[in-house]
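Q: I would like to learn how to read the features of a model such as this one. Could we go through them in turn?

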Amino acid sequence: MKKTHSFHIPVMGIGFTIDSPLKVAQYGIDSVISLVDDILLEKLRKMYSDKFEIPYAEITDKVDDFRAKRITSYLNLMNDLVDKKFEALKSIALEKGDDFKAYLNMLPTGSLIKSEFKNLLDKGSNVSEIKQWISHNLKKGSIDVNIMTKVDKDNYIKDEKLPIEYNDAHAALRGFVNSNLKASVVLSAGMNPRLFAYMNQFDSFYPNANGAFEKKIILKVSDYRSALIQGKFLAKKGLWVSEYRIESGLNCGGHAFATDGYLLGPVLQEFKEKREELRTSIEEVMKKELTNQGRIVPEHALRIEITAQGGVGTHEEHEFLIDKYQLDSVGWGSPFLLVPEATTVDNKTLDKLVEAKEEDLYLSDISPLGVPFNNLKDNTKDFEKEVLINKGRPGSACPKKFVALNKEFKEKGICTASREYQYLKIKELDQEGLSSKEYEAKFNKIVEKSCTCVGLGTSALLAYNIETRVEGEGVSICPGPNMAYYSKVMSLKNMTDHIYGRANMITRTDRPNLFIKELYIYIDYLKNKLEDAKVVMNKKEEKYLVTFTKNLNEGVLYYKSLFSELKNKFQDIKTDVLNDLNESEKALQLIAIEIEKLSIQNKVKPVLT
């Protein structure tokens, strides 16, 4: 069955989309829940159980496999509540109730569902015919989940290390598998071979004879090569990736996994050109493995979907991506943070997002994962961090330990944002005999890490007035650069109308095209990498910078050709875009000269590309 909507809401932070399905799934909109924080999920399960008068039995951390069981219970509750809302919406369709009207009004312009329903009423169809049509055509949105593959901490009971299946990501996967959802798990943050191998233990990831799956796999990737490598790795376990979700390396929210200068447009072009090659080459590997395992081999060709997200902000961009690159859906993330009917953000943070401009949104090094992280200036979690630094006690108390992955000092692992880790690192630093300038630089590197695994979930607790005694009230938030161009709180209908071109929620007139914005961000990122290399540049760093610059140049040439040939799209900004591309080309030429100068200074032989 065709998707109801041509957009989806990606996972955002830990708590911002934690109950989005309960808000939007009855309208046919897909959304994604983060499975990082089982403590937060359990608190919300209690809240919703109380609200809907459902019996609740707490799953404490004394229960065996409590993390997986908490996740299963929360997902089952979400699914049951969404089903009730969806069935209620369908039952009032004949009376044209408000929820059913909202369902119809939010559909894409030109949706067949809307016109077919009107035709049924116009021709005087009987009640049973209409009910049958509703049952067949109205579809709820998917309740998908996200697992960050690298957030897979070992777990212990006292000093005894538990088997690997009790690791955080493994337990989260098991929690999803054991739920009654018929949905997808989004695997993000790269390959985790142990987790991928663990997946083949679960029958629900395998197809039936018709090629249908009870549980599907979505792989979040930033380029074609990583899609092919990870897709084949899973296929060798007999597992099929049903969707490749392409995300801009830098023009996105949350953690930013920069490519080596591969820009979104050329990446999407490669997927478009090699889509069938990707599908058939991986299907061949997968079906061979299914035969080896003695499993059912589907009779027909398996489908893949290609979707994209990162920085999309207008109806024209949305339609262009779908039409030009034959995408199955486009992800809209950051703007939905300003839609309380879709996401969960506390009022103080919401006000900060409304006021945010370009200079308030920046790529930071605050994440304990050591990956660049999109951050909002003056967020309350960073303020909390600064207070502790000024008191001479830097670092978090680390109440949840989800990213306690550093094993520099302890086999059990410590989080680099924790007080324990920062105390030990500063103690080491004190012994190094550095100049005050060098000491300050290294000290700041240590203490800039922020307790994001708590901060990214706290907003949901504050929004619902749930106690935060353990977590504190500091909120981390991770919008993408696109947030700068949205300046008001919106309704769900406002946002869907904006996506489908029935309204415009952007009041500013200076928003750059999504491809140009991403290019600017990548050039700035490259400049920062070049500055870092000025201290000392080895052959490896030089090769990286040269390759990065080359790939960006190829991206600029691709865009120049693309925009020069466009006839019907982006006509009002075409001249500006081509001028921006010329300026970017000049900037990259200057960077290439700088790299060459550095190479000579450091007596590094030029790397041939």
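Q: Before the features, what kind of model is it, and is strand β8 enclosed or open?

A: This is a predicted model: local features need pLDDT of at least 70 and side-chain atom pairs count only at pLDDT 80 or more, while totals for chains, interfaces and linings use all residues. Residues are numbered from 1 along each chain as its sequence is written, and side-chain values use heavy atoms, with hydrogens and water left out. Helices (H or I, at least four residues) and strands (E, at least two) are DSSP runs, numbered from the N terminus. Buried means under 20% relative accessible area, exposed over 50%, and partly exposed in between (1.4 Å probe, protein chains only). In strand β8 (residues 241-247), 7 of the 7 residues are buried, so the strand is largely enclosed by the rest of the structure.

Q: Which strand pairs with β8 over 5 bridges, and in which sense, parallel or antiparallel?

A: Two strands pair if DSSP finds at least two bridges between them. Strand β7 (residues 216-221) pairs with β8 in the parallel sense over 5 bridges, and I218 stands opposite E243 of β8. Strand β9 (residues 305-309) also runs parallel to β8, joined by 5 bridges. There, R245 has T307 of β9 as its bridge partner.

Q: What handedness do the β-α-β units with β8 have?

A: A crossover is right-handed if, with the strands pointing away from the viewer, the path from the first strand over the helix to the second runs clockwise. The unit made of β7, helix α9 (residues 224-235) and β8 is right-handed. A right-handed unit is also made by β8, helix α10 (residues 264-293) and β9.

Q: Is strand β6 enclosed or open?

A: All 5 of the 5 residues of β6 (residues 184-188) are buried, so this strand is largely enclosed by the rest of the structure. Its two faces are both covered, with S184, V186 and S188 on one side and V185 and L187 on the other. Strand β3 runs parallel to β6 over 4 bridges, and V145 has V185 of β6 as its bridge partner. Another 4 bridges join β6 to β7, again parallel, with K216 of β7 as the bridge partner of S184. From β6 the chain crosses through helix α8 (residues 193-199) to β7, in a right-handed β-α-β crossover.

Q: How do I read a single residue, and what does M148 touch?

A: Start with its element, its burial and its contacts. M148 is found in strand β3 (residues 143-148) and is buried, with a relative accessible area of 17%. Contact means heavy atoms within 4.5 Å. Not counting residues up to four places away in sequence, M148 touches A169, S188, A189, H255 and L369. From M148 to G190 the separation is 42 residues in sequence and 8.2 Å in space, C-alpha to C-alpha.

Q: Where does K43 lie, and is it buried or exposed?

A: K43 lies in helix α2 (residues 38-51) and is buried, at a relative accessible area of 19%. Leaving out residues up to four places away in sequence, K43 touches L461, I466, E467 and E471.

Q: How many aromatic pairs does the structure hold?

A: A pair of aromatic rings is described by the distance of the centres and the angle of the planes. Rings of Phe, Tyr and Trp (its six-membered ring) pair if their centres lie within 6.5 Å; planes under 30 degrees apart count as stacked, over 60 as edge-to-face and the rest as tilted. The structure holds 20 such pairs. One of them joins F117 and W133, with centres 5.7 Å apart and planes at 35°, so the pair is tilted. F117 lies in helix α5 (residues 112-122) and W133 in helix α6 (residues 127-137), so the pair ties together parts that are 16 residues apart in sequence. Both F117 and W133 are buried.

Q: Which residues do ring pairs link into a cluster?

A: The cluster consists of F320, Y325, F515, Y558, Y559, F563 and F570.
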